[in-house]
Amino acid sequence: MTPASETANAAHEGPAAAATDAADAAVTGATARMFGLDGRVAIVTGASSGLGVAVARALAAFGARVAVVARRLDKLTELAKEIDGLPVACDLSDLSAVRTVVPAVVEGLGAPEILVNGAGSMFTYERAESEPVEASRRTIDLNLLAPFLLAQDVFPHMIAAGRGTIINISSISGKVGIPGIPQASYAASKAGLSGLTSELAVQWARHSIRVNTVAPGFFRSEITGPLYSSEKSIEYLRRNTPLPKEGTAEDIVGAVLWLAGDAGSYVTGQTITVDGGWTAR
Ligand SMILES: NC(=O)c1ccc[n+]([C@@H]2O[C@H](COP(=O)([O-])OP(=O)(O)OC[C@H]3O[C@@H](n4cnc5c(N)ncnc54)[C@H](OP(=O)(O)O)[C@@H]3O)[C@@H](O)[C@H]2O)c1
């Protein structure tokens, strides 16, 4: 429907309907200005599963051209087809392989203005006193160093574009200890993202590059599959979450969208916790 026929239609339905339509159009326009990502190239790591998939879909829905990064090429290819994006297979725990990601995106889609560092994992479920050092090292490489290297690699492209936004995905365990679920090096890597975030934010603010972290609480995904397979642990999560609903990947996406677009244009160096109130108790 054209704007003219919309107006005619609204007039036909009376002044109240016309006012409602005008208000709707204003909201739509404002939403597009604040959240629209038309033409911007985005990189989302961890986009073969869970939160990364939800973020990639949302950024694409708001107009971004999205490169989806993880190890499983079949899943990436499927998602890339759906959102008209670019699949980039990479093991991000291999820090020399990480260096191939941004050049592949630049070649396939153009210069990135949005980087969402979503890939993350745990390599041990041992208690802190028994964590094998190799597992701790792999955790830090994947969860902290890979995001740092990707940020370094997008930096010159964001400078050239005159703007950029980097969003790291950490965890509430980067902020508080989680009784009963040992995760020392994972927690350290996620807390490290918040430190990296505030430091990059102040170093790169002069280039209008914003750097923030979103710290989710628990939601169902591959990594938390075992947790959600037991009624006892589901009850533990319920008991510790003030809001009366179970978290989902989609619950986290809004914060990422806000930080990715112009709606978040005055926000930098922050860690935004999205956890149903877990850390507010
Ligand atoms: N679920 C939660 O409750 C929760 C809570 C707080 C924070 N988080 C964080 O949220 C982020 C997304 O997690 P999720 O829950 O959505 O988990 P998920 O479903 O397990 O997804 C993890 C993603 O990371 C990718 N990945 C893992 N290892 C990789 C590697 N070596 N190289 C490249 N990609 C790798 C996986 O893809 P491939 O296997 O294909 O490589 C997958 O796409 C993570 O950073 C996680 O720490 C999750």
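The exercises below, each with a worked solution, concern a predicted model.

**Exercise 1.** Work out whether the distance between the end C-alpha atoms of helix α10 agrees with 1.5 Å a residue.

*Solution.* Begin with the length of the helix: α10 covers residues 249-260, which makes 12 residues, and at 1.5 Å a residue these should span 16 Å. Then take the distance in the model, where the end C-alpha atoms are 17 Å apart, which agrees with the expected span. Helix α3 can be treated in the same manner, for it has 12 residues and reaches 17 Å from its first C-alpha to its last, close to the 16 Å expected.

**Exercise 2.** Decide whether Ile252 and Asp74 are buried or exposed, and describe where each of them lies.

*Solution.* Start with Ile252, which is found in helix α10. A residue counts as buried if 20 or more other C-beta atoms lie within 10 Å of its own, and because Ile252 has 23 such atoms within 10 Å, it is buried. The residues that Ile252 touches, leaving aside those up to four places away in sequence, are Leu51, Val214, Pro216, Phe219 and Val274.

Turn next to Asp74, whose place is in helix α4, residues 73-83. A residue counts as exposed if 12 or fewer other C-beta atoms lie within 10 Å, and since Asp74 has 10 of them, it is exposed. Asp74 is 26 residues from Ser48 in sequence, while the two are 8.6 Å apart in space, C-alpha to C-alpha.

**Exercise 3.** Explain why strand β2 is described as largely enclosed by the rest of the structure, and find the strand with which it pairs.

*Solution.* First count the buried residues: six of the six residues of β2, residues 65-70, are buried, and therefore the strand is largely enclosed by the rest of the structure. Next, look at the two directions in which its residues point, with Arg65, Ala67 and Val69 on one side and Val66, Val68 and Ala70 on the other. Finally, follow the pairing, in which β2 and strand β1, residues 41-45, run in the parallel sense over five bridges, with Ile43 standing opposite Ala67.

**Exercise 4.** Describe how helix α3 is covered, and state what it contributes to the shell around the ligand.

*Solution.* The helix is mostly covered, as 11 of its 12 residues are buried, among them Gly50, Leu51 and Arg57. The elements that cover these buried residues include β1, β2, α4, β4, β5 and α10. As for the ligand, 29 residues surround it, and the closest are Gly46, Gly50, Arg71, Gly120 and Ser221. Helix α3 supplies the largest share of this shell, namely three residues. Sorted by class, the shell has 13 nonpolar, 12 polar and four charged residues.

**Exercise 5.** Follow helix α7 from its span to the residue after it, and say where the kink lies.

*Solution.* The helix runs over residues 133-161, and its 29 residues reach 40 Å from the first C-alpha to the last, close to the 42 Å expected. Along the way there is a kink of about 40° at Leu145, shortly before the proline Pro147. The buried residues of α7 include Leu144, Ala146 and Pro147, and among the elements covering the buried residues of this helix are α8 (184-204) and β6 (209-216). After α7 comes Gly162, whose phi is positive, near 80°.

Terms used:
Residues are numbered from 1 along each chain as its sequence is written. This is a predicted model: local features need pLDDT of at least 70, side-chain atom pairs count only at pLDDT 80 or more; totals for chains, interfaces and linings use all residues. Helices (H or I, at least four residues) and strands (E, at least two) are DSSP runs, numbered from the N terminus. The expected span of a helix is 1.5 Å times one less than its number of residues. The bend at a residue is the angle between axes fitted to the seven residues ending there and the seven starting there. Two residues are in contact if their C-beta atoms, placed from the backbone, lie within 7 Å. A residue is near a molecule or strand if its C-beta atom, placed from the backbone, lies within 6 Å of it. Ala, Val, Leu, Ile, Met, Phe, Trp, Tyr, Cys and Pro count as nonpolar, Asp, Glu, Lys and Arg as charged, and the others, Gly among them, as polar. Two strands pair if DSSP finds at least two bridges between them.
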